[in-house]
Amino acid sequence: MSSADRRDELVHREQLSPNSDERLLPIEMVVLHYTEMDNAEVALERMCDPQAKVSAHYLISEAGEVIRMVPEDKRAWHAGVSFWRGHKDVNSASIGIELDHPGHRGGYREFADAQFDALVPLLARIVKDHDIPRTNVVGHSDVAPARKIDPGELFPWDRLAEYGLCLPKPDKLEQGDPFDNDAAFFLALERWGYDITDGHKAIEAFQRRWRPEKIDGQVDGQIRAILYRLLLDRDAGFVR
Ligand SMILES: [Zn+2]
């Protein structure tokens with residue numbers, strides 16, 4: 001089966017949004033979001049409203065329906081003002097997937113299994129088609145830490161990592177403190193990908209992704225050790 005056949009098989013419905021334009025960069029990232037809306041239909045309506053000026057390539061309902069809103073070769077408007085590994089135009093470099101979910105404001109809760117089960121093959125196909133490294137499968141909060149907290153600490157990154165679709169939490173953490181001072185830590189955090197303009201928020205975003213048990217915006221030994229391990233493994237070429 002060709003990739004194009006597979007693409008259509010994974011999409012249940014198409015409702016094209018007018019909110020897109022031309023890409024200025026090659027695709028090398030995926031950004032995951034939650035909609036923070038009551039249901040998928042309300043979210044779809046908003047993302048197809050020209051006044052709203054927002055969109056994503058895909059929306060996945062809680063029941064697992066995959067809706068295509070923007071073709072992958074177009075630039076969807078999901079990330080807003082954002083930054084990742086030097087890119088300021090994250091929309092141009094990414095594919096955006098919105099997960100139907102009430103968000104933190106709507107009574108934050110676990111993501112539905114049916115939704116996750118629809119996300120896995122879609123994301124697998126996207127990552128394969130565009131050769132996207134696992135280090136670039138990120139959340140909205142990772143690319144806009146000062147403004148966004150989606151998809152949030154309940155998003156099952158660990159389960160996604162089991163499918164090889166994002167990086168797993170590193171094990172074998174270094175003992176002792178790998179960074180001399182906070183400046184060295186922040187330099188490393190920026191090198192990993194984050195906009196560190198708001199340091200506290202950047203640490204929160206890192207914690208939300210890598211140590212969701214405690215999100216306090218404070219640098220501690222465990223956070224330092226996780227970041228150090230991630231960078232070492234990426235720079236050594238063990239992960240990409
Ligand atoms: Zn978002």
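1. Let us start in a loop. Aspartate 131 is found in the loop between α4 and β8, and although this residue is not a glycine, its phi is positive, at about 50°. Please keep in mind as you read on that this is a predicted model.

2. A second residue deserves the same kind of look. Lysine 53 lies in the loop between α2 and β4. Its phi is near 55°, again a positive value in a residue other than glycine. Is lysine 53 buried or exposed? With a relative accessible area of 55%, lysine 53 counts as exposed, because the cut-off for that word is over 50%.

3. Now to the metal. Which protein atoms are the donors of the zinc ion? They are ND1 of His33, ND1 of His140 and an OD atom of Asp150, lying 2.1 Å from the zinc ion. Along the chain, the donors follow the spacing H-x106-H-x9-D. The two histidines link distant parts of the chain: histidine 33 sits in strand β3 and histidine 140 in helix α5 (residues 140–143), 107 residues apart. Both of these histidines are buried.

4. Histidine 33 is worth a closer visit. Its relative accessible area is 1%, so it is buried, the cut-off being under 20%. Leaving aside neighbours within four places in sequence, histidine 33 is in contact with His78, Ala79, Ile97, Glu98, Leu99, His140, Asp150 and Pro151. That list includes the other two zinc donors, His140 and Asp150. You can also try a distance in your viewer: the C-alpha atoms of histidine 33 and proline 145 are separated by 13 Å, with their positions 112 residues apart along the chain.

5. Stay with Asp150 for a moment. This zinc donor is joined to proline 151 by a cis peptide bond, with omega at about 0°. Proline 151 itself is placed in the loop between α5 and α6, and it is among the contacts of histidine 33.

6. Next, the open space. The largest pocket has a volume of about 480 Å³. Its lining is made of 21 residues, and those nearest its centre are Tyr34, Thr35, Glu98, His140 and Lys148. One of these, His140, is also a donor of the zinc ion. Two elements, β3 and α2 (40–47), give two or more residues to the lining, and α2 makes the largest share, with three residues. How does the lining divide by class? There are nine nonpolar, six polar and six charged residues.

7. There are closed spaces too. The structure holds three cavities of 30 Å³ or more, and the largest has a volume of about 70 Å³. Its lining includes Trp84, Trp192 and Trp210, along with Arg134, Asp142 and Arg209. The elements giving two or more residues to this lining are β8 (137–139) and α8 (199–210). By class, the lining has seven nonpolar residues, one polar and three charged.

8. The second largest cavity has a volume of about 40 Å³. Among the residues lining it are Gly139, Ser141, Asp142, Pro151, Trp157 and Arg209. Notice some familiar names: Asp142 and Arg209 line the largest cavity as well, and Pro151 is the residue of the cis bond. Here α5 and α8 each give two or more residues, and the largest share, three residues, comes from α8. The classes come out as three nonpolar, three polar and three charged.

9. Last, the interior. In soluble globular proteins, nonpolar side chains tend to be buried together. In this model, the largest nonpolar core has 28 residues, and Ile97, Leu123 and Leu160 have the most contacts inside it. At least two residues each come from β3 (29–34), β4 (58–60), β7 (94–99), α4 (113–130) and α6 (157–162). Which element supplies the largest share? The answer is α4, with eight residues. Another core lies apart from this one; it has 25 residues, among them Val90, Leu167, Leu189 and Tyr194.

10. To see the largest core in your viewer, begin at leucine 123. Beyond its neighbours within four places in sequence, leucine 123 is in contact with Val30, Ile97, Val137, Leu160 and Leu165. Ile97 also brings us back to the zinc site, being one of the contacts of histidine 33.

Terms used. Residues numbered from 1 in each chain as written. Predicted model: local features only at pLDDT ≥ 70, side-chain atom pairs only at ≥ 80, totals over all residues. Heavy atoms only, no water. Core = buried A, V, L, I, M, F, W, Y, C linked by side-chain atoms within 4.5 Å. Buried < 20%, exposed > 50% of the residue type's maximum accessible area, 1.4 Å probe, protein only. Helix = DSSP H or I, 4+ residues; strand = E, 2+ residues; numbered from the N terminus. Contact = heavy atoms within 4.5 Å. 1 Å grid on protein atoms, 1.4 Å probe; cavity = no way out; pocket = protein on both sides within 12 Å on 5 of 7 lines; lining within 4 Å. Points joined across faces, edges and corners; volume = space filled by probe spheres on them. Nonpolar A, V, L, I, M, F, W, Y, C, P; charged D, E, K, R; others polar. Donors = N, O, S within 2.8 Å, 3.2 Å for Na, K, Ca; no water.
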